[in-house]
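Colleague: Could we go through this model together, one element at a time? I would like the reasoning behind each answer.

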Amino acid sequence: MSLTQRPELRRTEILSFPRALPEPFVSRQIFYTMNGRNAIYHALKALGVQKGTTVLLPAFHCTALVDPVIAYGCSVKFYTVHRDLSLDMDEIAALAHSGASALLFVHFFGYPAPVHELAEIARSFSMKLVEDCTHTLTGTIDDQPVGTFGDAAIFSLRKILPVPDGGILLLNKSKKYLPVLKSPLTYHLRMAKWAFETNVEMSTKHDAAPQQALHTEKVEISASSRKGPASHEDPEFYAMWRNWSISKISKMILQRTDLEDVRQKRIDNFNRILTGFLDHEEVKLFSKDSMQLCPLGFPFTSDSPDRIDYQLRRLGIPAFSFGEDLHPRLDLRKFPDAKYLSEHLVLLPVHQNLSEANIAVMLKATKTIFQNSTLQV
Ligand SMILES: Cc1ncc(COP(=O)(O)O)c(C=O)c1O
C-alpha cells in the first residue's frame, strides 16, 4: 500500500450491499449536498437566519467556511481560536451580546469543541448553533453522537471517505425544510467516471478538487489552489452550484462503508503517530490523549521557520495543512493565534488504508526533518 493523502476506493465499497447509516444520520432530517460549504449555506437558510444579520465564525478556518455565509447575505464576525485550538468563550459571549443571529463552531481535526458551553451561550443569546463536523464524521461526546449538539450540523464526506464529493446537512430541531437539491445527470456521470478511473490519482495528488475540475462548465482552478501548498480544500464557494446534490456514486459509496470501522482505523493510526511523537519535543502536540471522534488527520505545530509540511512533501510524505489561506475579511493583527496556526500547523494523514509500516515511514521522515534542522542551527 503506497503512502497517500486520502483513502483509495476499494472494491467492497462498490460491490457490497448497502448498510444502514449509524446515528445521528437516521433519526434527523438529512440533506445530501454537493459539499460541506453548500451545507453551511443551506443550514442558515433552513434555520431561518435573517439576511443582513451577523454570524460568528472561528478566526482559524478555511475560506470555504466563510464564503457561503457571506454569499447567503450575512455579515461575519470572528472569534479567537487559541494556539492550542481552545476557543475564547468570553469573547464569543461578548460578540453574541453585541448582536449575532448564529454561531458556527468546528471540531477541529476531530478534537471535540466545548459543545455544552457553546450550546449554553447560543441559548442565552437566542443564536442558532451550527456544528461543523467536517473534520470528523462519527463518534460521541459524552455518549451523544457528534452532530447533535447544535440546531444544525454539517459534514464533508470527501475529507474522510474515498468519494469525489458530498456534504451532509442534519437538522436537529428545526421545522420542515424542503430544498430542491439536484445535480445534472452529466455531473453524476463525471463523478462516477472519476471514482472508477482516477481515484488512485486523486489520492496521491494534493488538492485540485475533482468536483471542480470535472464540471462541464469550464472553471479555472483558482490561483490560490494552484500555487502549490497542498490542503484538503479547494477554497471557492460557487453560488451557482449551491443547490446541487451529492453525486450518486458518492452516496452509493457512503451507503456501503462501515463508518465505525473507518473511525476505529483512523483513531488507531492517530494513536500510532501520537505514541511516536510523545518523546519528541520539536513536535508540538495539541493533546496527549487518544481520539474519540473520527479524526481528519494528525495535527501538530512546530516553531521551525520553514514549513514542515512542504519539507515532508518533498520527501514524498503527503502531509497537508489547514487554514493556510485565511479569509481576507479577517484582520490578522487582531488574531495572532490564527496567524500562528495558519503558518505552523501540519497534518499527517491517518486514513483508513494506511498500514503500520506507512505510519512508521511518516514518523521517521518527520523526525529526520527535525534532526536535520537542529543540526543546521
Ligand atoms: C472547517 C470546515 N468547514 C467547512 C468546510 C467546507 O467543506 P467542503 O470542502 O466539503 O465544502 C471545510 C473545508 O473546506 C472546513 O475545513
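The questions and answers below go through confidence, strands, a helix, the core and one loop residue.

Modeller: This is a predicted model, in which local features need pLDDT of at least 70 and side-chain atom pairs count only at pLDDT 80 or more, while totals for chains, interfaces and linings use all residues. Residues are numbered from 1 along each chain as its sequence is written.

Colleague: Over which residues does pLDDT stay under 50?

Modeller: pLDDT is the predictor's confidence in each residue, from 0 to 100, and the chain averages 89, with 89% of the residues scoring at least 70. Where pLDDT is low, the predicted coordinates should not be read in detail. The stretch in question has 52 contacts beyond four places in sequence in the model, and pLDDT stays under 50 there, over residues 200-232.

Colleague: How many of the residues of strand β5 are buried?

Modeller: Helices (H or I, at least four residues) and strands (E, at least two) are DSSP runs, numbered from the N terminus, and a residue is buried if 20 or more other C-beta atoms lie within 10 Å of its own, exposed if 12 or fewer, and partly exposed in between, with C-beta atoms placed from the backbone. K128, V130 and D132 point one way from β5, L129 and E131 the other way, and all are buried. Strand β5 (residues 128-132) is therefore largely enclosed by the rest of the structure, the count of buried residues being five of the five.

Colleague: Which residue in β8 stands opposite V130?

Modeller: Two strands pair if DSSP finds at least two bridges between them, and β5 meets this with strand β8 (residues 152-156) through three bridges in the parallel sense. The residue of β8 opposite V130 is A152.

Colleague: Through which helix does the chain cross from β4 to β5?

Modeller: Strand β4 (residues 102-106) pairs with β5 in the parallel sense over five bridges, and V106 stands opposite D132. This β-α-β crossover is right-handed, a term used if, with the strands pointing away from the viewer, the path from the first strand over the helix to the second runs clockwise. The helix, at residues 115-124, is α5.

Colleague: Which helix gives the most to the largest nonpolar core?

Modeller: A nonpolar core is a set of buried Ala, Val, Leu, Ile, Met, Phe, Trp, Tyr and Cys residues joined through C-beta atoms within 7 Å. The largest has 105 residues, and those with the most contacts inside it include L56 and A152. With six residues, the helix that gives the most to this core is α2.

Colleague: Which residue with a positive phi follows α3?

Modeller: Helix α3 (residues 63-72) is mostly covered, with seven of its 10 residues buried. What covers those buried residues includes α2, β2, β3 and β5. The residue after α3, with a phi near 115°, is G73.

Colleague: Which are the edge strands of the open sheet β10-β11-β12?

Modeller: The three strands lie in that order with antiparallel pairing; two bridges join β10 to β11, and four join β11 to β12. Each edge strand pairs on one side only, and these strands are β10 and β12.

Colleague: Does S287 count as buried or exposed?

Modeller: S287 is found in the loop between β10 and β11, and its C-alpha atom is separated by 9.3 Å from that of F300, 13 residues apart along the chain. Because S287 has 11 C-beta neighbours inside 10 Å, it counts as exposed.

How values were computed:
Contact = placed C-beta atoms within 7 Å.
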